[in-house]
Each structure stands twice: as C-alpha cells, then as structure tokens.
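This report describes a ligand site and the salt bridges of one protein model. The sequence and structure come before the details.

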Amino acid sequence: QEAALQGRFQERVDAEEKIEPRDWMPDGYRRTLVRQISQHAHSEIVGMLPEGNWITRAPTLRRKVALLAKVQDEGGHGLYLYSAAETLGVSRDELIGQLLSGKAKYSSIFNYPTPTWADIGAIGWLVDGAAIMNQVPLCRCSYGPYARAMVRICREESFHQRQGYELMLALAQGTAEQKRMAQDALNRWWWPSLMMFGPSDEQSAHSSQNMAWKIKRFSNDELRQRFVDATVPQAEFLGLTIPDPELRLNAETGHYEFGAIDWTEFNEILKGNGPCNRERIEARRKAWDDGAWVREAAVAHAAKRRQRALK
Ligand code: ACO
C-alpha cells in the first residue's frame, strides 16, 4: 500500500499538482521540507543582524527608512516561513530550539561582518540578488504553502536588491574614497555570495531527490552560473572589478567562466567557525530569552480571552 501511495504522490508531483498540508506525503518529503523551510526561516531572522547593525548609522533619512523597511521585511519573511513549516507538523518552539542548539543550519552568508556602509549596498545587490535567483524557482515548488509564501517574499526581495544596487551606484559614482569602499565591499562579498548556492552538484547530498520531488527546480551549480552571468555586467556598469582573475566570458557558450570556490571556508562556516557564527547565535539566544515575557503574556492573554468567551 505504501508503494501505491508513493506512486500516486509522484504522479501528482509530475503533473505539477500542489501538495497541501493534509495530503499524504512520504516521510522524507516532509522531513526535507521542514529542514529546508526552517533553514530558510532561520536565515531570514539571522539575516536581520548584519544589516540591523547599520540602522542607527545610515547616512541619510532616506537610506534609514529604506534599510528599516528591508530589515523589517526580513523579519516578516522569517515569520511567514515558520508558519509554512508549521503546516508540516512541527512547532515554532521546536524549530527555534534547533537553531539555538546549532542542530539547524542557516545560510552561511550571514556569518560575515558588516564593517562599512558599503556592505549594506553589497548585501542588497549580491546577497539579495543571489537569494532571488534561488528563490524565484521556489515559487513553483511542489509544496503549496511554501510556494505561495515565496511569491510575496520574492517581490520584496526584488525591492531589496534594487535598493542595494542603487546604493552601490551612488558610492561608485561618488568620491574616490566612496568608490574604494564599494570595491572593498564587493571584494569581501563576492565569493561568499557564490557559496550561498550551496555545494557543487557532485557534493550536493539532497539535490537529485529534491529535484525529483520538484522542491528544487534547478541545481546549485545551474543557479550559481545564472547569478554570475547576471551580475558581471552589473559590476561593469558600476565600474567595479569582480575579484576573480579567472573570470572570463566564453564566447561559445555565452556564459562566464569563473575561478575555483574555496570550499574549505564554506565548510568551516557550516561547522560554526565563521567570523561571526558565535556572535549571531548569541544575539538570537538573547532575543529569545529577553522575549520570554512577551510569549508568556500572549499565552496568558489568549487564555483570558478563552475564559471570557466561555462565560
Ligand atoms: N549555507 C548553509 N548551509 C548550506 C548552504 C549555505 N549557503 N548551502 C547548502 N547548505 C547545507 C544544506 O542545508 C545541507 O545541509 P543539511 O543536510 O545538514 O541540511 C548541505 O549543505 C548540503 O547541501 P545540499 O544537498 O545542496 O542541500 P539543499 O538541497 O537543501 O540545497 C539550498 C541548499 C540551495 C540552500 C536549499 O536548501 C534552498 O534552496 N533553500 C531555500 C533558500 C534559502 O534557504 N535561502 C537562505 C538564504 S537567502 C536569504 O535568506 C536572504
């Protein structure tokens, strides 16, 4: 009977039907979605930290308003995604416990520091640019709640990417010092942005099954290549140099070839040894502990309302 259910499930996926929370699904499909959606939610929440660092120091009111809105959007994305994960039968407390204990991952990219204002531009341009490349196909993911959440998230990510690029443009067209700051941020964020797409296809443990289940639509390497192809001309327009001496356009394929990624750096970050791993988890743990009274008050309030409704 299990085999028949599996077969029927795969037929539905192949026919591009959306799988909904109450539908039968293989345990592995559920587990993979919980892993990926919660990792994604954690990334949004931890991702608020490097940029939040600059809210009080944004150089103009206009920049501050945009940055505030962007960081707030990220908080919203995280909550939206936790809700999507909860439809699979896990609780938010459990998911947050996994983040704080180090059992659950979040994106490697958020373990780098943001020492200058140009980092805010580079994050918007490169990190959100990479996120869009990876996330637009997720709007067609086979799991309905995740796919629907991604539609709104991608619209907002697209605004984030533009604000980052516009910020980089202002710096690149500014004083020599501002341009140097923009180049320095590009130098530091370029390779980590390429790593965001995950290990190479040969090393990617989950890709083939995820593609068969239509959770993923493109492989890590395919998306990384698309990102490079889209971003190199943008760097040229800014008058900045991508920090890769091996980067060149292959006239036959129409794609950019690029140098080798330092996977040792990526693996060290995944093990918790990146420049900011400890600081990020510490900040999240403090937020969780400091927020305990709010959660307790919300539960007490809900209980009171229930009591009142019964009277
Ligand atoms: N940072 C941290 N961990 C990563 C990263 C990364 N950039 N890329 C891959 N990994 C982890 C995977 O989670 C997996 O670990 P696990 O088995 O312990 O969970 C392992 O490396 C092997 O990778 P893959 O087999 O390629 O894993 P998967 O098929 O899940 O692909 C990917 C990874 C592309 C990140 C996928 O999970 C995905 O598309 N997630 C949704 C998007 C997302 O999470 N974006 C977060 C950053 S964007 C933002 O928030 C602005």
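## Basis

Helices (H or I, at least four residues) and strands (E, at least two) are DSSP runs, numbered from the N terminus. The model is predicted: local features need pLDDT of at least 70, side-chain atom pairs count only at pLDDT 80 or more, and totals for chains, interfaces and linings use all residues. Residues are numbered from 1 along each chain as its sequence is written, and side-chain values use heavy atoms, with hydrogens and water left out.

## Shell around the ligand

At least two shell residues come from each of helix 2 (27–46), helix 6 (118–135) and helix 11 (263–270). Helix 2 contributes the most, 6 residues.

The ligand is surrounded by 29 residues, of which Gln39, Lys105, Ser204, His206 and Lys216 come nearest (a residue is near if one of its heavy atoms lies within 4 Å). By class, the shell holds 12 nonpolar, 13 polar and 4 charged residues (Ala, Val, Leu, Ile, Met, Phe, Trp, Tyr, Cys and Pro count as nonpolar, Asp, Glu, Lys and Arg as charged, and the others, Gly among them, as polar).

## Salt bridges

The whole structure contains 21 salt bridges (a side-chain nitrogen of Lys or Arg within 4 Å of a carboxyl oxygen of Asp or Glu). One of them joins the side chains of Asp23 and Arg12, at 3.1 Å from N to O. Asp23 lies in the loop between helix 1 (2–14) and helix 2 and Arg12 in helix 1, so this pair ties together parts 11 residues apart in sequence.
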